[in-house]
2 protein chains.
Amino acid sequence: MSDDFNPPQRILMGPGPSNVNPKVLEGMGKPVIGHLDPEFVRLMNEVQQLLRTVFQTSNQLTLPLSGTGSAGMEAAVANFVEEGDPFLVGVHGVFGQRLAEEARRCRGQVTTVEAPFGEPLNPDDLRAAAEKCRPKVVAVVHAETSTGVLQPLEPIKEICEDFDALLLADTVTSLGGHPVAVDSWGVDICYSGTQKCLSCPPGLAPFTASERALERLHSRTSKCQSWYLDLSMVCQYWGEKRTYHHTAPISMIYGLREALRIVVEEGLQNRWNRHQKNHLGFVAGIEAMGLKMHVSREFRLWSLNTVAIPETVNDLEVRQQLLSDFDIEIGGGLGELQGRVWRVGLMGETSRSRNILYFLHALEKCLRRQGFQCPNGAGVAAASEILGRLSVTEGEPLD
Amino acid sequence: MSDDFNPPQRILMGPGPSNVNPKVLEGMGKPVIGHLDPEFVRLMNEVQQLLRTVFQTSNQLTLPLSGTGSAGMEAAVANFVEEGDPFLVGVHGVFGQRLAEEARRCRGQVTTVEAPFGEPLNPDDLRAAAEKCRPKVVAVVHAETSTGVLQPLEPIKEICEDFDALLLADTVTSLGGHPVAVDSWGVDICYSGTQKCLSCPPGLAPFTASERALERLHSRTSKCQSWYLDLSMVCQYWGEKRTYHHTAPISMIYGLREALRIVVEEGLQNRWNRHQKNHLGFVAGIEAMGLKMHVSREFRLWSLNTVAIPETVNDLEVRQQLLSDFDIEIGGGLGELQGRVWRVGLMGETSRSRNILYFLHALEKCLRRQGFQCPNGAGVAAASEILGRLSVTEGEPLD
């Protein structure tokens, strides 16, 4: 058996995990205490309050679920969909498809409204479908990790109001990198993951639900089909009673506490500005190299950039070379975009000028090996100009 | 907002989490890499092989699920129970009740066979029930964390063979502290938690399933109602294809790798002996103090000791004093044993002579404050004698 495990120091520019601040790793290494210890209960309260700040909500039920972002999705669907419930879901990527699949497994009556993978959903299509199916829940992915599209949520709020439906939003790839305003956008059920723009290791799903959603939860006629993710019990442990449900993942919650404090210390607005600025620098570099972004300008995520792979270039070889020769991880396409795009994450700690410049440098070298000619140094030069122009220090507000 | 979080150095003698070896915490702090990184894939293979060693199995499907032990239970039930399937469960504690509840939520036809909380199940009762309900799965808790009872599994194997049922066993509190011989005991579906006798922080559920169980899984007529825990997909990621399903909790898996290496380095037999010896020393101390164990000698768990609370003693005050004055955490009773027993865990790193002696010393002081008179120093003296007699160094085989 080999001895020490020494993972390489990667630059994590894939769809997550992103790079983790050493303070977070240090936090996870603190002595484990019991999940009912008064000191842990204090920490739980602090983490909940930090999550409320980041989600921009006053929802009492705001907590980290004991699983990855996908467990957050499962909780969001399983707690709010009963057999036969009409469930309307916008599908413009793999994670929308997954939401529909989750709802089918909960025996919901699923209606899908689709948009091409790379475009946002059309609210008019959702409204037309809602008129037909009278949904109890309308579910959309705010930040489609599979396509790089940001879905505006405010137009969907109105549809939900008109049909008295709950608005469910997946913010796995936006929370902490893009504005996510749960209360003012009228989002009733919202979940995320820790390993994206929050820059904590994967393992927890930040989750929040409105009073309106809780009323629905408490008026269910059947039990939630997941015991592990049953919010009616989970919230007893995270509420005043602290009733044991399952043993909380102590060390992960230590880590999340540190990650959230870093977010709040930077300031939400500063953090969004940093993500936006670095995204713009990245795009300038990509375009100067003669490559194209997959998503049109106005709907691009800052946190997850889909770059169209030129036809003459071998997807897998480039990704493998980036990893082996430059210690840079990026993601391949998912679902129908497999082989057609690269997914480059600029999330949380990873969203730094130095990573973007180094990536553009490395990508140019890899593309050259494939015979793809891009103007010498054009990518880094263009990015450098934008990154320098927009702000001197990272975190400074963008005008 | 407060600054640094500095958790106290507790002696974790509750029902879990147990104390964690610093090497495990150090492991969790290593740089995060991607869940599809070739270096991580190597680590996954190593962790799977270590889990096979600890479970004493050659099952291909052996992996850590991305949730706590309760997620392991949910996966065990949700993947192997379809609507209407007859499911026989032995209930001799809270976790047996939970298994039954999980199966009901999967719409199984649940039959329960009960034993008092503090006694094992009677195999004859299980056989009689099996004759009536012809179960597809027989589920039992090997180590009932709520009662401190060890349930012999070998007699149940025969019942499962006779009725062609799968044997499902909960080994959350036994794996790594008691022998768990998945293959030779004919266990088809088995799960555990990381925060008990494996002494890793909570957050993962070691899981294994036999070839026979996999055949059942692949012949399901409906989809598993949990997408997150659907083994038909999870095992694609943990199998040769490494197909993305959800982002694995990287840092927790780093930690589990270290925890399992410590187990294997100590040696399974040595580790079981250590747990047994320390349990015997503990019991000698408890009885010398005039207290009684809740479970009769032959069915006692080594890892989780239930001590009957004397009638004149205030349960909560004693536990609070142990925590505040001695930094010792123990557990209260669960379910119908609430207020009637203390649950004292001697799991993994926590199962050490020094912890037992200090606990007996502390308990004596706390009981005196309540007016309960125990012979001066009798507990520590009796324990000291047994602990010294049985073995000079911990880890040495017991004759």
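**Exercise 1. In this predicted model, find how strand S3 of chain B is joined to strand S5 of chain B.**

Solution. Start with the ranges: S3(B) covers residues 86–91 and S5(B) covers residues 137–141. Next, look at their directions: the two strands run parallel, and three bridges join them. For one pair to locate on screen, take Val89(B), whose bridge partner in S5(B) is Ala139(B).

**Exercise 2. Place these strands in their sheet, and work out which strands of chain B stand at the edges.**

Solution. Write down the order first: S2-S10-S9-S8-S5-S3-S4 in chain B, an open sheet of seven strands with mixed pairing. Then check the edges: S2 (61–65) and S4 (109–114) of chain B each have a single partner strand, so one side of each lacks a neighbour in the sheet. Moving from one strand to the next, the twist averages 15°.

**Exercise 3. Identify the strands that helix H7 of chain B touches as it packs on the sheet.**

Solution. Select residues 211–218 of chain B to see H7. Now follow its contacts: H7(B) touches S2, S8 (166–170), S9 (189–191) and S10 (205–209) of chain B. Finally, compare directions: that of H7(B) makes about 110° with that of S8(B).

**Exercise 4. Turn to chain A and decide how its radius of gyration compares with that of a compact globule.**

Solution. A compact globule of 399 residues would have a radius of gyration near 21 Å; chain A has 21 Å, so the two agree. The C-alpha trace of chain A spans about 65 × 55 × 50 Å along its principal axes. To round off the picture, chain A has 13 helices and 14 strands, and buried residues make up 59% of its 399 residues.

How values were computed
Residues numbered from 1 in each chain as written. Chains lettered and ligands numbered in written order. Predicted model: local features only at pLDDT ≥ 70, side-chain atom pairs only at ≥ 80, totals over all residues. Pairing = 2+ DSSP bridges. Helix = DSSP H or I, 4+ residues; strand = E, 2+ residues; numbered from the N terminus. Axes fitted to C-alpha atoms, helices over the stretch in contact; angles between N-to-C directions. Contact = placed C-beta atoms within 7 Å. Rg over C-alpha atoms; globule rule 2.2 N^0.38 Å. Buried ≥ 20, exposed ≤ 12 C-beta atoms within 10 Å, placed from the backbone.
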